[in-house]
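Colleague: I'm new to this one and would like to learn how to read it. Could you take me through it bit by bit?

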Amino acid sequence: MPITFFEELQAVPQHILVLRSPSVWHIILLVEALHSLCCLLALASGLSAAAIEFNRDIRPLLSDRCFACHGPDASHRKTKLRFDIESSATAALAGGRHAIDPGNPEASEIIKRVSSTNRALRMPPAYAKKDALTGVQIDLLRRWIAEGAHW
Ligand code: HEC
């Protein structure tokens with residue numbers, strides 16, 4: 001004897017019926033979408049908060065813009081100040097200042113010099129024909145120094 005549609009419907013468990021309703025699917029999809037969005041945001045903020053590494057993030061920048069005059073090549077070095085060697089970069093300058101004062105970016109001469117709008121002070125100097133550091137690059141230096149300027 002064939003079962004009626006009504007009997008068949010009763011045989012289907014209630015929760016499956018609920019899931020068959022399109023509006024419930026919309027809610028599930030929305031929750032999933034929000035979940036993915038949260039994961040992406042968490043990932044993005046995690047990436048930007050990752051610790052800065054000298055060799056990967058800082059050295060290439062200093063090498064490109066500063067090493068010509070503050071680097072390993074003694075014949076081109078313009079001052080005693082070197083940025084390829086930690087002990088030189090953090091040593092006391094005249095007047096007790098420091099090019100890099102680990103943990104203290106605002107007291108570090110390097111930040112003052114790269115962000116200066118005064119052409120006579122800004123590093124790299126105008127005559128070096130090298131691009132000034134961008135805001136993003138200065139922020140990176142600042143964060144690296146705030147994190148303790150680890151070589
Ligand atoms: C073309 C050569 C040249 C380049 C490139 C250069 N500098 Fe200099 N820098 C100098 C000279 C020369 C001085 C000393 C005169 C002065 O203080 O302006 C100096 C001084 C400095 C001082 C101050 C030292 C003190 O005793 O107060 C800092 C800090 C500095 N440079 C950082 C940098 C940084 C960071 C870069 C790269 C972004 C850079 N310089 C690129 C030539 C250069």
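Modeller: Happy to. Let's start with a single residue: G103 counts as exposed because just 12 C-beta neighbours lie inside 10 Å, and 12 or fewer is the cut-off for that label. Keep in mind that this is a predicted model.

Colleague: Where along the chain does G103 lie?

Modeller: In the loop between α6 (86-89) and α7 (109-115). Then look for partners from elsewhere in the sequence: leaving aside neighbours within four places, G103 is in contact with A146 and G148. The C-alpha atoms of G103 and E147 are 5.9 Å apart, although 44 residues separate the two along the chain.

Colleague: And how exposed or buried is A107?

Modeller: A107 sits in that loop between α6 and α7 as well. With 13 other C-beta atoms within 10 Å, A107 is partly exposed, because exposed stops at 12 and buried begins at 20. Not counting residues up to four places away in sequence, A107 touches H98 and D101. From A107 to R97 there are 10 residues in sequence and 7.8 Å in space, C-alpha to C-alpha.

Colleague: Let's zoom out. How many helices and strands does the chain have?

Modeller: Eight helices and zero strands, so the order from the N terminus reads α-α-α-α-α-α-α-α. Of the chain's 151 residues, 13% count as buried. For long-range links, take the contacts between residues at least 6 apart in sequence: 40% of these join residues at least 24 apart.

Colleague: How do I read one helix, say α8?

Modeller: Begin with its span. α8 (135-146) has 12 residues and reaches 16 Å from its first C-alpha to its last, close to the 16 Å expected at 1.5 Å a residue. Next, find which residues are buried: in α8 they are L141, W144 and I145. They cover an arc of only 100° around the axis, so they lie on the same side of α8.

Colleague: Why do residues three or four places apart point the same way in an α-helix?

Modeller: Because an α-helix has 3.6 residues a turn. Now turn to the other face of α8: away from its buried side are the exposed residues G135 and V136. The cover over the buried residues of α8 includes α4 (54-65) and α7. After α8 comes G148, with a positive phi near 110°.

Colleague: What does W144 contact outside its neighbours within four places in sequence?

Modeller: I52, D57, I58 and A149. W144 also belongs to the largest nonpolar core, which has 15 residues; I100, I110, V114, L141, W144 and I145 touch the most other members. Both α7 and α8 supply at least two residues of this core.

Colleague: There's a ligand too. Which residues come nearest to the ligand?

Modeller: For a ligand, list the residues around it and see who is nearest. There are 21 in the shell, and C66, C69, K78, M123 and A128 come nearest. The elements giving two or more residues to this shell are α5 (67-70) and α7, and α7 gives the most, with four residues.

Colleague: How do the residues of that shell divide by type?

Modeller: Into 14 nonpolar, two polar and five charged. As a recap, α7 turns up in three places: it supplies residues to the largest nonpolar core, helps cover the buried residues of α8 and gives the most to the shell around the ligand.

Terms used: Residues numbered from 1 in each chain as written. Predicted model: local features only at pLDDT ≥ 70, side-chain atom pairs only at ≥ 80, totals over all residues. Contact = placed C-beta atoms within 7 Å. Near = placed C-beta within 6 Å. Nonpolar A, V, L, I, M, F, W, Y, C, P; charged D, E, K, R; others polar. Core = buried A, V, L, I, M, F, W, Y, C linked by C-beta atoms within 7 Å. Expected span 1.5 Å × (residues − 1). Arc of directions from axis to C-beta.
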